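Reader: I am new to this one. Could you walk me through it, one question at a time?

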Amino acid sequence: MKNGTNPEADRDQKICLSFNVEGGNFLSAGEASIRLKHTLQHIGYPASLIRRVAVAAYEAEMNIIIHADSGVLKAEVTPEAVTIWAEDKGPGIEDIGLAMQEGYSTAPNYIREMGFGAGMGLPNIKRCADIFEIETHVGIGTKIRIVIFNKQKTN
Amino acid sequence: MKVKELVAALDLTVRSGAAKLERDITGAYVSDLLSDVMSNAREGNVWITLQIHPNIVAVASLLNLAAVIVSRGAEPEEATITKAEEEGIVLLTSREPSFEVAGQLYRLLHKG
Ligand SMILES: Nc1ncnc2c1ncn2[C@@H]1O[C@H](COP(=O)(O)OP(=O)(O)O)[C@@H](O)[C@H]1O
Ligand SMILES: [Mg+2]
């Protein structure tokens, strides 16, 4: 963020954030999403929109940590919308239709015991997003793009 | 109802976030599945769970929950307590199982 003390000035700017996300690193899991959430709070985005961004970003971040080797979570914030890209190097998704079904998960047992792997991540993202795109190549990786519009925008 | 009233009524132990006990509770959610909590718990809710790892702090922070209660005498990991302190999350523990904690909280929240 360029001007940490003047939220109004920030409102007219485009803010870009980028975080590296490491597969298997559960200790710092969620940090990228929390930073994005703090940014939105700082510039005064409505709470309902922040919630949707937080849920979508967290599920996308966790999918890199749970399922991929490494990746990056990027966000672009404007007064009109928040766009999130989650791009990873990893196994990719063989059957997207199956992966989008609530309850479908390939997460191993030790991850399920932590309360992940409920198979609700991608459905949660879809529910929160105005635009949701997924591109995946088996053995190479997965890219998702999420757009959430700021409909309560007044000016 | 404030978090500090909940702590007293249910005889909970405050493990982090002692400065944030004045907050009002908007409701509660019971689940050990993180994605389920992400999609169903609401701002200001108390989350009752058996999970003890640091990821519960990220979930509580992202949803702006009023408190997390780790139930059935489970001991939060050291890293969980440290992270909760850093993020300003109220982390509470109870000896009672989730069902009992939820039942007591339900009565308190819906009595008037
Ligand atoms: N980034 C990813 N890379 C590889 N596979 C993925 C990725 N994201 C999701 N998947 C696949 O889609 C399934 C469903 O994902 P999701 O709905 O988030 O549930 P969960 O993460 O709980 O398994 C996963 O179990 C996995 O097989
Ligand atoms: Mg997932």
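Reader: Which residue forms a salt bridge with A:Glu102?

Author: Happy to start there, and please keep in mind that this is a predicted model. A salt bridge needs a side-chain nitrogen of Lys or Arg within 4 Å of a carboxyl oxygen of Asp or Glu. For A:Glu102 the closest N and O atoms of the pair are 3.2 Å apart, so the cut-off is met, and the partner is A:Arg127.

Reader: How many residues apart are A:Glu102 and A:Arg127?

Author: The pair links distant parts of the chain. A:Glu102 sits in the loop between helix H4 (96-99) and helix H5 (109-113) of chain A, while A:Arg127 belongs to helix H6 of chain A. Along the chain they are 25 residues apart.

Reader: How many salt bridges does the structure hold over all chains, and how many are between chain A and chain B?

Author: Over all chains, the structure holds ten salt bridges. Between chain A and chain B the pair to look for is A:Glu31 with B:Lys83, whose closest N and O atoms are 3.0 Å apart. The count between these two chains is one salt bridge.

Reader: Which helix gives the most to the side of chain A that touches chain B?

Author: Across the interface there are also 13 residue pairs in polar contact. On the side of chain A, helix H2 (31-42), helix H3 (47-67) and helix H6 (121-128) each supply at least two residues. With seven residues, the one that gives the most is H3(A).

Reader: What area is buried between chain A and chain B?

Author: The contact takes 26 residues from chain A and 24 residues from chain B. Carbon and sulfur atoms give 55% of the buried area. In chain A, the residues that lose the most area to chain B are A:Ile34, A:Arg51 and A:Tyr58, together 30% of what that side buries. The area buried between the two chains is about 1900 Å².

Reader: Which residue has a backbone N or O atom 2.8 Å from an oxygen atom of ligand 1?

Author: Let's look around the ligand. There are 18 residues around ligand 1, and among those that come nearest are A:His67 and A:Asp88. A polar side-chain atom of A:Asn63 lies 3.0 Å from an oxygen atom of the ligand, and a polar backbone atom of A:Ala118 is 3.2 Å from one. The backbone atom at 2.8 Å belongs to A:Gly119.

Reader: How much of the accessible area of ligand 1 does the protein cover?

Author: On its own, ligand 1 has 520 Å² of accessible area. Of this, the protein covers 95%.

Reader: What separates the C-alpha atoms of A:Glu22 and A:Asp69?

Author: A:Glu22 lies in strand S1 (residues 15-22) of chain A. A:Glu22 touches A:Ile65 and A:Asp69, leaving aside residues up to four places away in sequence. Although A:Glu22 and A:Asp69 are 47 residues apart along the chain, their C-alpha atoms are separated by 6.6 Å.

Methods. Residues are numbered from 1 along each chain as its sequence is written. Chains are lettered from A and ligands numbered from 1 in the order in which they are written. This is a predicted model: local features need pLDDT of at least 70, side-chain atom pairs count only at pLDDT 80 or more; totals for chains, interfaces and linings use all residues. Side-chain values use heavy atoms; hydrogens and water are left out. Contact means heavy atoms within 4.5 Å. Buried area is the accessible area (1.4 Å probe) that two parts lose on being put together, summed over both. A polar contact is a pair of N or O atoms within 3.5 Å; within protein, one must be able to donate a hydrogen and the other to accept it, and residues adjacent in sequence count only if both atoms are side-chain atoms. Helices (H or I, at least four residues) and strands (E, at least two) are DSSP runs, numbered from the N terminus. A residue is near a molecule or strand if one of its heavy atoms lies within 4 Å of it. Accessible areas come from the Shrake-Rupley method with a 1.4 Å probe; for residues, only the protein chains shown count as cover.
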